[in-house]
Amino acid sequence: MKILRRRRSLVTGGAGFLGSHLCERLLQEGHDVLCVDNFFTGARENILHLLSNPHFELMRHDITFPLYVEADEIYNLACPASPIHYQYDPVQTTKTSVHGAINMLGLAKRLRARILQASTSEVYGDPEVHPQPESYWGRVNTIGPRACYDEGKRCAETLFFDYYRQHALEIKVARIFNTYGPRMHPNDGRVVSNFIVQALKNEPITIYGSGQQTRSFCYVNELVDGLYRLMQSPADFTGPVNLGNPTEFTMVDLAKKVIAQCGSRSELSFKPLPEDDPRQRQPDIKLAIEALGWEPQIALDEGLQKTIEYFRSSAIQ
Ligand code: NAD
Ligand code: UDP
Ligand code: UDP
């Protein structure tokens, strides 16, 4: 007899920026959630409001070590995501992506559970194709300071597809582009959080290089919706699928928007461009629209408003 019970979702990196929003969404959808995190960049504060929920469980664990738990599906998000954090201990960053993926895939294999990998637009490196479709193989420097992240994530994708082919595992690979919103770390050096914190303090806005490099920014709730839809998609849809907002901005455009929305007196201050900083990045999201019916609707102005409110009320006090 089939016992009816709530679906059990394991979220690695669940105490981080994206992971905490995903845990919230899964609870709203009626799942039981096991959040696994080693708190390297995540924080209890991000999930404090979930701790009293009887359907939420928190486990402190580093996924580079084996994990024996029970779950019906696994969202593998654990990995520091900002250059400052992932370059702090690059060997651990690669271990988290590679050993972490092996352990989570081994867990999924034992449980016959569906598993989703939070991959990244960084697998495209500094791209020569613009915008980037999933079929583009990327241009990554294997020995540069970003390689621990980029190559770790590329190897994780390889592992996912080898477990899929070799062990018939149900896999889902999302290539996530720059995402922003409440619970970003105030001091992880990401451009949106840096600019907002600087603008709120009326300090100079640090533009790296000419500020003409581009990025496209997706609001966190929409990104999480993309991950959720991908997990629910038919078994034969593995991805990789790009998830991101295709509207592209230069860093100077972004700085001007943030200054205006914060009502700030900050001025622009130009600094050297970090090594291997991609010049442009924009997702081609045709596949996500077609396969998942997913397309971001929240414009940068609207999402920035909510993010600025968050930073005003909590993060930099
Ligand atoms: P984050 O740093 O806020 O969250 C990562 C979480 O993983 C943190 O809570 C951290 O403590 C945890 N973690 C790190 N190493 C771990 C380990 N070895 N074992 C267990 N937990 C560990 O970053 P985020 O922005 O929420 O990113 C989540 C995922 O999405 C990452 O895999 C990242 O690569 C991917 N991603 C994020 C973005 C973005 O714009 N935020 C873009 C592309 C891809
Ligand atoms: N693993 C885990 N939890 C499990 C099952 C496996 O953490 O429930 C880890 C285990 O440590 C192993 C890895 O996942 O090293 C890969 O497992 P797999 O079964 O693919 O490989 P094997 O055990 O044969 O090396
Ligand atoms: N950037 C910037 N000023 C900052 C932080 C970042 O001009 O204070 C630039 C950075 O050089 C890059 C872009 O903003 O070109 C996005 O940087 P982020 O670290 O947020 O994301 P990623 O480079 O991983 O896309």
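# Shells and sheet

Student: Which residues are closest to ligand 3, and how many surround it?

Tutor: Ligand 3 has 15 residues around it, and the closest are Arg190, Val191, Asn194, Thr206 and Tyr208. Helix α6 (191–200) and strand β8 (205–208) each give two or more residues to this shell. β8 has the largest share, with 3 residues. This is a predicted model: local features need pLDDT of at least 70, side-chain atom pairs count only at pLDDT 80 or more, and totals for chains, interfaces and linings use all residues. Residues are numbered from 1 along each chain as its sequence is written, while chains are lettered from A and ligands numbered from 1 in the order in which they are written.

Student: What makes a residue count as near a ligand?

Tutor: Its C-beta atom, placed from the backbone, must lie within 6 Å of the molecule. For ligand 2, the residues that meet this are Pro66, Leu67, Tyr68, Ile102, Asn103, Gly106, Leu107, Lys109 and Arg110.

Student: What decides how the shell around ligand 2 divides into nonpolar, polar and charged?

Tutor: Ala, Val, Leu, Ile, Met, Phe, Trp, Tyr, Cys and Pro are nonpolar; Asp, Glu, Lys and Arg are charged; the others, Gly among them, are polar. The ligand 2 shell therefore splits into 5 nonpolar, 2 polar and 2 charged. Around ligand 3 the split is 6 nonpolar, 6 polar and 3 charged.

Student: Which element gives the most to the shell around ligand 1?

Tutor: α1 does, with 3 residues. In total, 28 residues surround ligand 1, and Gly13, Gly16, Leu18, Thr41 and Gly42 are the closest. At least two shell residues come from each of α1 (17–28), α4 (90–111) and β5 (114–120). The shell holds 13 nonpolar, 13 polar and 2 charged residues.

Student: How do you know what is a helix and what is a strand?

Tutor: Both are DSSP runs, numbered from the N terminus: H or I over at least four residues for a helix, E over at least two for a strand. β1 spans residues 8–12.

Student: Why is β1 called mostly covered?

Tutor: A residue is buried if 20 or more other C-beta atoms lie within 10 Å of its own, exposed if 12 or fewer, and partly exposed in between, with C-beta atoms placed from the backbone. In β1, 5 of its 5 residues are buried. Side chains in a regular strand alternate between the two faces of the sheet. Arg8, Leu10 and Thr12 are buried on one side of β1, Ser9 and Val11 on the other.

Student: What makes β1 and β2 a pair?

Tutor: Pairing takes at least two bridges found by DSSP. β1 and β2 (residues 32–37) have 5, so they pair, in the parallel sense. Thr12 has Val36 as its bridge partner in β2.

Student: Why is the β1-α1-β2 crossover called right-handed?

Tutor: With the strands pointing away from the viewer, the path from the first strand over the helix to the second must run clockwise. The chain goes from β1 through α1 to β2, and this β-α-β crossover is right-handed.

Student: What lies on the other pairings of the sheet?

Tutor: β1 is joined to β4 (residues 73–76) by 4 bridges, in parallel. Leu10 has Ile74 as its bridge partner there. β2 and β3 also run parallel, over 5 bridges.

Student: What makes β3 and β11 edge strands?

Tutor: The open sheet has 7 strands in the order β3-β2-β1-β4-β5-β6-β11, with parallel pairing. β3 (56–60) and β11 (241–243) each pair on one side only.
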